[in-house]
Amino acid sequence: MTRLNNLDSELAQELGDFPEDDLDIVFTPKECRTLQPSMPEDGVELDSHVRDCVQSYIREWLIVNRKNQGNSDTCSLKNKGSRKDFHKTLQKQTFESETLDSGDANFQAGPRPVHTLPEEASRTTLTSCDFDLRSLQPDPRLENLLRHVSAEEFERQNEEARRTNRHAELLALYPSVDEEDAVEIRPVPDRPKEHLGNRILVKLQTLKFDIEIEPLFACIALYDIKERKKISENFHCDLNPDSLRGFLRSHTPSIDLSTQARSAVFSVTYPSSDIYLVIKIEKVLQQGEIGDCAEPYMVLKESEAGKAKEKIEKLKAQAESFCQRLGKYRMPFAWIPISLTNFFNLSTLEREIPEAEGLNGRSTSDKRATLLQARRLSERSLSSEDSYPVSNFKTISLTLSTFFKQEGDRLSDEDLFKFLADFKRSSSLQRRIKTLPGTLKLEISPAPENLGYCLTAELLPVKPFPENRNRPHKEILEFPIREVYVPHTIYR
């Protein structure tokens, strides 16, 4: 608009013109889920280009509203649904050929009576059978035929003549466009926002074994056995009583608020029956094989007396010694999987991505189909139909009484995926792998939309964040198995 105002009028007319109030420009603050927007830490030296990019995450939205777009008469006529009845409002036109006597089939050789139109009674018409030119009236003389008229005046007269008796909605007579050939009119999109998949809240309540000789820690993550991928980061949880937590006091001079969390919010963009919640139990590193370290938990019980009780006290003293020397380090101890099949509304989900060998071995058309399918699934997860809550389950409390003993030579994720595949096919896995008796109580529920006292994956407080609570909830970052087609609106 500024450029057009500064140009001369002739050039501006060639470029086009539009009313100055057609565009309504509004600055709207960005919505922020957290109390403070995610930004690089203070004191970090950033390149000027990177600094500008980071500023884009907190800058206001610039929203341009076009006031007159889609307000033409044709659009309004189409929206009113009156296109099919429009022809009834038009004035009936009469042509000369329609005024002739159509019933007179015999041609006469002599002169015929001349028919006239009612609008021009003074002027007669000539048909193919009329040869008596003397009886005809002369045409009216063309006034000002030889008078010189300037081009501007001539254009003005033509413009007035075109507007005379011109119907306002003439183009509405054109047949409606077939839906297959129609150009898609895209609606005004919502403002971009942070992507959140199907969110479930997992609360750990108690973790106990038959003997309590050392601190034990829970580590939770999601795995997709069909894609053979880990699809979330780890959530670490400390459920130890104060007496056992004291073994590590020399290694924990301060305790951060985020480490006290016992409930985690997991996000899943592409739910399926192949997703498992795997709970791994870890202990402080000690000498010896993993199997030897787990042996006392399989044979001893806290309620026993005599020699067994003395052995438990001896093991407790050894564990305290290990905690003082190696309290910073962990070792795997046991694990247990939980299928999430019942926690997603899988009846409406489609899992059509070919499961063969990934994208590398496919043709170009297969790759394109896979990407389109991934885009459609991620877009559907953001649509209003599938917004919270998509899960069709209520809060479920689980009590697990058996853990799989961790084998020392099978610590990789590949071994875990093999175990989970066998676990899904049959229950024979429990007969082939040694188990440990214990108790783990947890609660799984759909995550509320406004979960109070929660921390993001970057440990930023989420609104609302009351100060009078003890243990926060913690959001766990998702690693989607396929691309999620949304703009990046936060700094991570």
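Start by selecting Cys219: it is buried, with a relative accessible area of 5%, where buried means under 20% relative accessible area, exposed over 50% and partly exposed in between, using a 1.4 Å probe and protein chains only. Then pick Cys323, also buried, at 0% relative accessibility. While you are on cysteines, count the disulfides, taken as pairs of cysteine sulfur atoms within 2.5 Å: there are 0.

A word on what you have loaded: this is a predicted model, in which local features need pLDDT of at least 70 and side-chain atom pairs count only at pLDDT 80 or more, while totals for chains, interfaces and linings use all residues. Residues are numbered from 1 along each chain as its sequence is written, and side-chain values use heavy atoms, with hydrogens and water left out.

**Colour by confidence**

Next, colour the chain by pLDDT, the predictor's confidence in each residue, from 0 to 100. The chain mean is 78, and 73% of the residues reach 70 or more. Now select residues 105-122, where pLDDT stays under 50 and the model has 14 contacts beyond four places in sequence; contact means heavy atoms within 4.5 Å. Do likewise with residues 381-390: pLDDT again stays under 50, and here the model has 11 contacts beyond four places in sequence.

**Switch to cartoon**

In cartoon view you should find 12 helices and 14 strands. These are DSSP runs numbered from the N terminus, with helices being H or I of at least four residues and strands being E of at least two. Of the 492 residues in the chain, 29% count as buried. Among contacts with a separation of 6 or more, 80% come from residues 24 or more positions apart.

**Into the core**

Which residues touch the most other members of the largest nonpolar core? Select Phe266, Leu277, Ile281 and Leu442, out of the 47 residues in that core. A nonpolar core here is a set of buried Ala, Val, Leu, Ile, Met, Phe, Trp, Tyr and Cys residues joined through side-chain atoms within 4.5 Å. Strand S3, residues 198-209, gives the most to this core, with 5 residues. In soluble globular proteins, nonpolar side chains tend to be buried together.

Centre on Leu442 and show its surroundings. Leaving aside neighbours within four places in sequence, its contacts include Val202, Leu204, Leu277, Ile279, Ile338, Ile396 and Leu400. Lys203, Gln205 and Ser397 are also among the residues in contact with Leu442. Apart from this core lies another, of 12 residues, among them Tyr276, Trp335, Leu416 and Phe419.

**Aromatic rings**

Show the aromatic side chains next. The whole structure has 11 aromatic pairs, where rings of Phe, Tyr and Trp (its six-membered ring) pair if their centres lie within 6.5 Å, with planes under 30 degrees apart counted as stacked, over 60 as edge-to-face and the rest as tilted. Zoom in on Phe209 and Phe333: the ring centres are 5.6 Å apart and the planes are at 75°, so this pair is edge-to-face. Phe209 lies in strand S3 and Phe333 in strand S9 (residues 330-339), so the pair ties together parts that are 124 residues apart in sequence. Both Phe209 and Phe333 are buried. For a bigger selection, take Tyr276, Trp335, Phe404, Phe419 and Phe423, which ring pairs link into a cluster.

**Loops worth a stop**

Go to Ser38, in the loop between strand S1 (23-28) and helix H3 (48-55). Is Ser38 buried or exposed? Ser38 is buried, with a relative accessible area of 16%. Its side chain reaches the backbone oxygen of Tyr491 at 2.5 Å.

Ala261 sits in the loop between helix H7 (242-245) and strand S7 (263-268), and is buried at 1% relative accessible area. Add Pro472 to the selection: Ala261 and Pro472 are 211 residues apart in sequence, yet 5.2 Å apart in space, C-alpha to C-alpha.

**Backbone geometry to finish**

Select Lys463 and Pro464, joined by a cis peptide bond with omega of about -15°. Pro464 is in the loop between strand S13 (461-462) and strand S14 (473-475).

Then check phi for Tyr453, which is near 60°, a positive value in a residue other than glycine. Tyr453 lies in the loop between strand S11 (435-446) and strand S12 (454-455), and is buried, with a relative accessible area of 3%. Your last stop is Leu459, in the loop between S12 and S13: phi is positive, about 65°, although Leu459 is not a glycine. Leu459 is partly exposed, with a relative accessible area of 39%.

How values were computed
A polar contact is a pair of N or O atoms within 3.5 Å; within protein, one must be able to donate a hydrogen and the other to accept it, and residues adjacent in sequence count only if both atoms are side-chain atoms.
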